[in-house]
Amino acid sequence: MVTEEKNNNSLVSSPSPMRRKLSRKTNLKIFAVIGTVAIAAGLGGVIYSIVTPSSYHSKNPWANATLLDNKITGMINYQLSKPLVDLNGDSVPKNLATYVSFNVGEKDSIDIYANLDNIKVIQEIFAKNDWVKNNLSIVETMLKGTGATLSGTQIIYQGNRLNLVLRPKILTYPYNDGDDKYGLVTVIPVDKDRGLFTYKIRFALQLIGTDNVGYYVDLNKTFDYTYDTTQTAIPTWLNLSQMLNLMSNRKIITLVQKYGIVLDTSNETILNALLTEYYPIAKADNSIIINEEIVNKNGAPFATITDNPSASNLALNIKYNSKKFNALKQFGASLFDYHSNNYGAVANIFTKIGIKMPTFTNVKNSYDLYDRNTDRTFLDGAMRNERVNSYRGYIEEMGLGSDNVSDNVNYENNDFSRYVWGSEHQIFSNEVLIQFLNINNNGLADKVNRDPTKMYYDQQSYTDRSINYQQFNVVNNVKDVIDNIQYDDSEQTIDNLLTNKIAVIKTSLKNYLLENLNNKYINIDNIVKEITVGVRTNTTTIAGTTFNKQPPVNGMLRGNNNKVYQDKMLTFPNIVINVKFSYDGTINNIYDLSYEYEIPNKVVKDPRGVDKNMLDVLQPNFVLPKTYTTLDSMKELYNDYQQAIIQGANEWERNHPMGSGQPGNNYPVETSRGDAFNIAVNEVSVGRYNNNNLRVGVYNAKITATKNSLNYQGHFHTTGITVTAAPISAISLPQLVVDSSWTQQRAYREIKTQILRRAQSRGLNLNEYDFGINGVSENSLVKLETGDKTITITALGNDNVLTGTATFNLIVNPVWISKYQDAINLGKQKVGSSVRNVISTLMNQVKEAVNRDGYNINDISNYVTIIIIDSNGVWLNDNDIFRTAGTYWYNIEITTINGARYFEGRIHRDFVVES
């Protein structure tokens, strides 16, 4: 036995033998019988199982089908489609179960069909044996060629007793997003005007034999059967509410349940459900809202708001955003063109069953305008396109009190002469006739009348409009005055010129307001009753202009280095404009609004300028702070000139804050800096070149005021200064400290080196032949003796570089004798050895050490004495011998006369005497 399993849309063979069970997929087109297996079942015998494709579609599933006998068809249909309304007109909901329901394709590519859930009533009828029992001879004919024989109401097939069943086959699989198609539905709208229908469903029935547990065998015969709602005991036509209850579409089921559509629901109730569900009127962007009342001039609403207003209401309040609408054609019936979700699907369903969704027409081609100014309520047909967006919002500064103020328009005479703000809400109305099936169907004598929907329109309030005249450009109105102000104009003259502009400012402001309000109907004199222009509490003149001189401007910046310019800063008074606005065009209902405008300051350039001060005013008090020698550099001299001129200039500037000019021809000077002056110092070329230092001679400078100088012009020459040779004491050493290890030659050369180095550090071009050194000899290699020596340095007068003499102390310190102790190595001595020999050894080692250092001493005993000390502290004589073993000490000490000339200190060390 082979069984069918679903795996990735294909059927595969199972390794376990099983009989084939009935399922929703097992009545697909048979294309192979792949084996037979005997099973141990109650019936005994063989049942065939098949493998089927995973999808199926036939353009004509009835091509090989036999028309089901009329007797059986009639018997089946007679049992179905029982009346849904009894003779009293009451609905009978239980009879819905006797109908084969159906699904209407919401897409154009999907027709009306019955799915597996819809056909249960058909499956149940053909699963019973009544149709067999009452039609035995017909059934025998149906079995011919199948290999099965009739036995009572059952069949015998290959020795197995089976039940005989007609089962609807899948016509298309998969279908409509996975919903299988079992029956092809044809809806007949027998009365489109009233919404009355019949329908048929054509099936391809598969003849099969089944056992009592659901396994089956296909007898390979198909019969063409049509379910017909008119072939019933009491033929009736179905109304729309009944058809909706028979549809299995989820969207239709939701509509039926949400609005309580039952079997006897009227077309008008269905219409209201459709209007409520699919015609929201209100827009998602809030450009239309329908949940606010529109009221007349007395505050009474034209249409009372219900809890949940919708398109089904017979009177609607339409509040629209006037910035998004500009023509009457956008209202009335056009508002029903806006649909909510699922509208398209439901409209497609209605089209497929042969009827239309509701239609909407304006009762007349004009709109009536509400008149606030007369006793008439609405003016017939008076609303016009240009009024649709005439509402411009209320005036922010004037508050809500400016909203819905009458615009004083005579609509009958088209007179806008008294028009005010454009803040009046234009209330208008029209009627929309809604037709659906027999409702308002003029083609029916018995049509159902539904009142046209009365629609009232009003603009939504918004506040983004502002008089906003603080943005008014006052400056433009006085620009010609400001542009033509002259340097010598008086403040009073300027005030008079500004005051003469008041009338121009008023006119310009009115034009600005008209442009800013952007409403061609406004007459500015209707809304502006008075304008005053002035300053502070003065409302008739503009006064308070001030002229103040600005800091001086160097003429260098204006092409004349010898001039200074003093521009004037012109400061204007703030101009205060007050406007009396009328709410309603009269002087009795006024709103005052004031703004203070700032006129930017203006700088008026000085056309003439005044002369800068002559620089020679600084010459009488110009002096350098010191005398100069060849040790001073050119840079020092230049810096001293610069410092002196700046100090002199600053002192003069403190004493002459307005310069040297007469009143009216002067200006405030500034504190001069270095860049105000150019200094040129003369060069002296006589005498030895002295690096960057001065030579002996006379120097002076030419000081010139630069163009950067605000205070001065011109130049002057300074008095000459005499530069002399530098005293040698300026580069002499304060002292030189050495020790007795130095020779005179070394000291001489050190003194010479240091003097040359000190001269070089001062920039002096000095050589060793320009001075002499007395007190030590460059050629002597004799060691210096301790003590202070006077060294004299004498300038030799070469090329006037140095002059004079200078002395300083050469301080010679003794050398510590201990520096030689590491050169002494006595070694171990023996008991019985001579003390004299030890002393002699030590004397020789000391002599060798100091002479290696250049002292050239012959008799060392004149410079040091040596003392031998035993372990008891006893001094030993030269004639003694070492009598006992042990540790001894020796002291090497400096003699007072000769030794102290070079050394100081002592050497104290131990040595060992062995036995």
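The following legends describe close-up views of a predicted model.

**Figure 1. Confidence along the predicted chain.** The mean pLDDT of the protein is 89, with 93% of its residues reaching 70 or more. Strand 20 (residues 428–435) has the highest confidence, at a mean of 98, whereas strand 2 (residues 10–12) has the lowest, at 29. Residues 1–54 have a pLDDT below 50, yet beyond near neighbours in sequence this stretch has 132 contacts in the model.

**Figure 2. A stacked pair of phenylalanine rings.** A search of the whole structure yields 50 aromatic pairs. One of them joins phenylalanine 336 and phenylalanine 360, whose rings are stacked at 4.2 Å centre to centre, with 10° between the planes. The pair links distant parts of the chain, 24 residues apart. Phenylalanine 336 belongs to the loop between strand 16 (315–320) and helix 8 (343–352), and phenylalanine 360 to strand 17 (residues 359–362). Both phenylalanine 336 and phenylalanine 360 are buried.

**Figure 3. A tilted pair between tryptophan 652 and tyrosine 712.** The ring centres of tryptophan 652 and tyrosine 712 are 5.8 Å apart and their planes stand at 55°, so the pair is classed as tilted. Because tryptophan 652 is in helix 13 (residues 634–655) and tyrosine 712 is in strand 36 (residues 712–713), the pair ties together parts that are 60 residues apart in sequence. Tryptophan 652 has a relative accessibility of 9% and therefore counts as buried. Tyrosine 712 is likewise buried, with a relative accessible area of 1%.

**Figure 4. An aromatic cluster and two charges over rings.** One aromatic cluster is formed by Trp421, Tyr469, Phe472, Tyr512, Phe581, Tyr595 and Tyr597. In a further view, arginine 202 places its charged end over the ring of tryptophan 62, 4.0 Å from the ring centre. The charged end of lysine 568 sits over the ring of phenylalanine 547, at 5.1 Å from its centre.

**Figure 5. An open antiparallel sheet of three strands.** The strands are arranged in the order 22-27-28, and their pairing is antiparallel. Strand 22 (528–534) and strand 28 (590–597) stand at the edges with a single partner strand each, so one side of each is left without a neighbour in the sheet. From one strand to the next, the twist averages 15°. Strand 27 (residues 575–582) is joined to strand 28 by eight bridges, and these two strands run antiparallel. Lysine 580 stands opposite aspartate 592 in strand 28. Helix 11 (residues 502–517) packs on the sheet, where the helix touches strand 22 and strand 27. The direction of helix 11 makes about 135° with that of strand 22.

**Figure 6. The surroundings of proline 301.** Proline 301 is located in the loop between strand 15 (288–289) and strand 16. With a relative accessibility of 35%, proline 301 counts as partly exposed. Leaving aside neighbours within four places in sequence, proline 301 is in contact with Glu293, Ile294 and Val295. The C-alpha atom of proline 301 is separated by 67 Å from that of asparagine 548, a residue 247 residues apart from proline 301 along the chain.

Note on methods. Residues numbered from 1 in each chain as written. Predicted model: local features only at pLDDT ≥ 70, side-chain atom pairs only at ≥ 80, totals over all residues. Heavy atoms only, no water. Phe/Tyr/Trp six-rings, centres within 6.5 Å; stacked < 30°, edge-to-face > 60°. Helix = DSSP H or I, 4+ residues; strand = E, 2+ residues; numbered from the N terminus. Buried < 20%, exposed > 50% of the residue type's maximum accessible area, 1.4 Å probe, protein only. Lys NZ or Arg CZ within 6 Å of the ring centre and 35° of its normal. pLDDT = per-residue confidence, 0-100. Contact = heavy atoms within 4.5 Å. Pairing = 2+ DSSP bridges. Axes fitted to C-alpha atoms, helices over the stretch in contact; angles between N-to-C directions.
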